[in-house]
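This report looks at how parts of a protein model are packed, from a single helix to cores, domains and surface.

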Amino acid sequence: MDAKLTEVAQLFERFKAASIRNDFDSAANLLSQLKVLLTEFKSLPPLFEESPNAIQELTIARDIYEHAVVLSVKTEDQDAFERDFFQLKPYYTDTGSRLPPSPQEYPILGLNLLRLLVQNRIAEFHTELELLSSSALENPCIKHAVELEQSFMEGAYNRVLSARRTVPHETYVYFMDLLAKTVRDEIAGCSEKAYDYLSINNARQMLMFSTDKELYEYISEDHPEWEVKNGSVFFQKVKESAPSKEIPSLQLINQTLSYARELERIV
Amino acid sequence: MAATVSSASGLLAMLNEHHPLLKLHALSNLNAFVDHFWPEISTSVPVIESLYEDEEFDQRQLAALLVSKVFYYLGELNDSLSYALGAGPLFDVSEDSDYVHTLLAKAVDEYTVLKPKESSQESEKVDPRLEAIVERLLDKCILDGKYQQAMGIAVECHRLDKIEEAIIKSDNVHTTLSYCINISHAFVNPREYRREVLQLLVKIYQKLPSPDYLSICQCLMFLDEPEGVAKILEKLLRSENKDDALLAFQIAFDLVENERQAFLLNVRDLLSDPKPRPSDVPSGQDSSTGNAAPADVDMTVEAPAAVGNVLDPSEMTYSERLTRVRGILSGETSIQLTLQFLYSHNRSDLLILKTIKQSVEMRNSVCHSATIYANAIMHAGTTVDTFLRENLDWLSRATNWAKFSATAGLGVIHRGHLQQGRSLMAPYLPQSGATSGGSPYSEGGALYALGLIHANHGEGIKQFLRDSLRSTTTEVIQHGACLGLGLAALGTADEEIYDEVKNVLYSDSAVAGEAAGISMGLLMVGSASEKASEMLAYAHDTQHEKIIRGLALGIALTVYGREEQADTLIEQMTRDQDPILRYGGMYALALAYRGTSNNKAIRQLLHFAVSDVSDDVRRTAVLALGFVLYSEPEQTPRIVSLLSESYNPHVRYGAALAVGISCAGTGLSEAISLLEPLTSDVVDFVRQGALISMAMVMVQTSEASDSRVGTFRRQLEKIILDKHEDTMSKMGAILASGILDAGGRNVTIKLLSKTKHDKVTAVVGLAVFTQFWYWYPLIYFISLAFSPTAFIGLNYDLKVPKFDFLSLAKPSLFEYPRPTTPPAATSTVKLPTAVLSTSAKAKARAKKEAEKAAIAEKMSAEETSSGAASSGKGKTVAEKEGESMQVDSASEKKPEPEPTFEILTNPARVVPAQEKYIRFLEDSRYTPVKLAQSGFVLLKDLRPSEPEVLSLTDTPSSMVSPAAGGSATAAQQSQASSMVVDEEPQPPQPFECSL
């Protein structure tokens, strides 16, 4: 094991320690240093150069990124999650022939699916799903996310919300919390389209708020265009008065005339 | 085992990291993988762009390069280029990838668009980064030895400094220079800029240790700098080396070929006279000059020597050489030699004319004069007027304007007969003693004839023509005199003559005014003077259509070759209310952009060809295409092919003539295919135009190289003999047979000189010729476009020595068409078979003879003089002639295989298509000064001590007159024999038909 690898290994230990004791600042710092060090390993993606330490380097890099992903969940930083996940992904997809699969692989993939669901990026969700093998789909972590998505699509929002209790991994909790909000937004969107107005009560039930106050807060924060009056919520519909299609008579006349002229000119 | 990455998302994610090192890592890796992952990266372009825009980030250029590559893959070349510029030095011009190639091309394109604009107006500075890239590319080209590319780009980009660098650094400066001259003529468009390029080239040429004076002088001629040419010529003439003098003569001949009269006269006058310098004679005179001087004692010592001063030997040689160069520059030498050549090699077939004459109806004056035109064209420059002499009665049927043309026709026949021209025409010229009884028509015609004889070399005759113009008030004579003056003083821009012609114009007589308008144009060819607006103003004033038409053409002539400078005038004319002026505008476009293939001009002409309301304008617009495109004849048939199928007969006619003009003398197969259907068009004048054009295209193409020539000849004969054919197409057929055998079958129509410059006289001649639509006498202008297809080798004394050279092609490919046989009293249907059987036998015999002669030639080439061989050849020709006269029924002998080469004797007929086969014999006594396959070529004598055998001597040997042959057969035989004798053309006995 050469010096660099040792250095990375040591740094990694410190990072893990910081991460476990929830010292996020120093962990982020260490992580950043680690990533810079990793760029010097040529055996890592995208170069995949052959080197004697390739296996160790790949393994440790994968570990580092896995921990980075977990850390980002802990710090509730979705951007960092996405970033780290994408950097991690080549280790899963492209190194299968060289490394033994990581035990963390499916939980992290499931997390990512969940994140996409939370962010309502359904297309990408399915893209990711397509990339998984059928055996992977049997994995509880993945299965959980897939079931959630199905419920979500069916509109069985209560099932979505109740699924929080059956998380397969403790890191999932954070996203499940966020999911509630996503569901609510979805409902709000549908209501807007479906109704002209709703009574406060109905609206509260529909949006699964326990108190009117929470409803008002939600409206003022996320949907300032809604109007609350006479005990009802009015959804201001963007009434696009479709402009009646006018016949471009002038243009047509011009065109016809020019055709006639061109015909004259045909030699 | 080796794993590859399947997605760039990891790297893209890394771009969002905060640490700059990580961003850098991501960028450089992405840059490496962009070729595979650009679709993924393209979604992240905004991120990368923001990196590029981030002033803090120190790898901005890398980001720019990456974005540029992605845009390249997306096909957004403009964005790609602008980011590539941002990438600075990271954009590696030497990288061998599609990306770099594409972007470089784009950059060069961009630069070539921007750079010329920058110089003209200060609107926008070219991006210095763009400039840097192009310069890097140029430097690399030069380093790699790709000089032509470098030069091409530099020329396009208007970077004279880079052109110079490329030329100087190239390993073969001469080839590079000549390449550069070629491209500057073919592709450099704005005239002004082309001048700059040529100036630069001249500068480079002059810096070279061994300058190529031939090319320099060509450039200088284009730049219109007679001083430079004069200086070079003088230097060469003063040189002690005889070869330099030969070179000077060669230069002079080459300059003459371009027919810029005013320029040539300037050069001639600028050559300084030899100064008597008795004091500073270098004592150690080189013996070579000493040798040269006595060798030339037979030369007439002219004016300078007559001064009486004792000139030292070197000045003597100089003055002697000077006389010769002046003779060449004035055009007299070449005209004289041409005349001798055309006379001695005349092979025109009088039988064709006889057939035409007999078949043409007595009362049909159009066909009658057409026959006279055809005769004149057939014998243009040969001085053979046998046909006229034999048919005086028939000729006298020409009345009025027909008489005018008949008389003028003599001018075409005697074209170039500078010394005797006036005495030849004397019987017809207006007598000073007022009413001499001569008809004004023949008098006017005679003046026109004088102009044709002296076309573009009118120094001697100008004064006489002016006097004649002044002393007459008859409009017919004025007409002739105006045309004559215009021709004689072509392009001299002589103010006095101009004013005199203008006076005629202002008399507002339709007939005289028309000629005056054309004449003014001829005088001012290419001058682009403000006279044009004066003429335009008068064209608006006058009521006479004829005058307007004459002026319109005249105005067009003034802008000859001015390209962009003529745009204002062209604009003015093409927008005029009067269709005749618009018609002139078409000519102006044609002449201003002659031979440039300028896209703008072509577009404009095509536009008018389909959109103008006047048929005349449309016809002319199409026709004008022929002039614009004559430097690239292959293009024309393609461009006008649609127009030739137009429903409008005028457009079809124009298309036919356009092809005829631009493909004249080429025998181009596509041109013939396009014209063929038109020769049987439903409209008579379209047939006429097509027949004439076809003749112009096919002139000097032998039946062996394109069988359609024979078909065409038979078609012409059929049309002429057909009683029911329309007069118009009949006239076309008669003219076509004239053009097909023009100048005794020894000339072709050539609008470009060998150096690819335009021949002013020829182009102007054709332009006025196309006016025959309105005015038949203008048909004679086509004779200006004729140039002899000859190889004429000249020695130091400008004499024509006898020597042989090779033509490495089957003789039948380029031989003269066989003379037609008189119809053997049987029905005409049988005629073709009779011709075939005779000629087959004659051919077989001739072949055998030629072979024998060739073998004899080869054996005797070394020790004997070539005289014997050539006389043998002469015999062959005579025999062949004799043979073909007898109708033989069966051919017993099997035809032997044709030899694959032919030995020609100086001066020889070398048709343009034959030029590439011409070789000089290795052991020949003479070598040419420059490598040329036709035209006038100065020869270096390798064995000066041996006596020279001259052909085409200019001392009259006998007083045999070619005239007065009894029958056509006899005339031909006498011609055949006269060829052997090689005598100087005699001034024919003056004859006067009772016109």
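## A buried helix in chain B

In this predicted model, helix α8 of chain B spans residues 147–156, and its buried residues include B:Y147, B:A150, B:M151, B:I153, B:A154 and B:V155. The helix α8(B) is followed by B:H158, a residue whose phi is positive, near 60°.

## Nonpolar cores

The largest nonpolar core contains 368 residues, and the residues with the most contacts inside this core are B:F91, B:Y448, B:M696, B:L766 and B:F781. Chain A also contributes to this core, which draws at least three residues from each of domain 1 (3–195) and domain 2 (196–267) of that chain. A second core, separate from the largest one, has 12 residues, among them B:V910, B:F920, B:Y926 and B:A932.

Within the largest core, B:Y448 is one of the residues with the most contacts. When residues up to four places away in sequence are not counted, B:Y448 touches B:F404, B:A408, B:G480, B:L483, B:G484 and B:L487, together with B:P777, B:L778, B:Y780 and B:F781.

## Domains of chain A

Chain A is divided into domain 1, covering 3–195, and domain 2, covering 196–267. The C-alpha centres of these two domains of chain A lie 38 Å apart, and the contact between them takes 12 residues from domain 1 and 14 residues from domain 2.

## A nonpolar surface patch

On the surface, A:L250, A:I253 and A:L257 make a nonpolar patch of about 320 Å². Of these residues, A:I253 lies in helix α13 of chain A, which comprises residues 249–265, and A:I253 is partly exposed, with a relative accessible area of 47%.

Notes: Residues numbered from 1 in each chain as written. Chains lettered and ligands numbered in written order. Predicted model: local features only at pLDDT ≥ 70, side-chain atom pairs only at ≥ 80, totals over all residues. Heavy atoms only, no water. Core = buried A, V, L, I, M, F, W, Y, C linked by side-chain atoms within 4.5 Å. Buried < 20%, exposed > 50% of the residue type's maximum accessible area, 1.4 Å probe, protein only. Domains from an automatic or database assignment. Contact = heavy atoms within 4.5 Å. Helix = DSSP H or I, 4+ residues; strand = E, 2+ residues; numbered from the N terminus. Patch = residues over 30% accessible without salt bridge, like charges linked within 9 Å, V, L, I, M, F, W, Y side chains within 5 Å. Areas by Shrake-Rupley, 256 points an atom, 1.4 Å probe, with all protein chains shown as cover. Salt bridge = Lys/Arg side-chain N within 4 Å of Asp/Glu carboxyl O.
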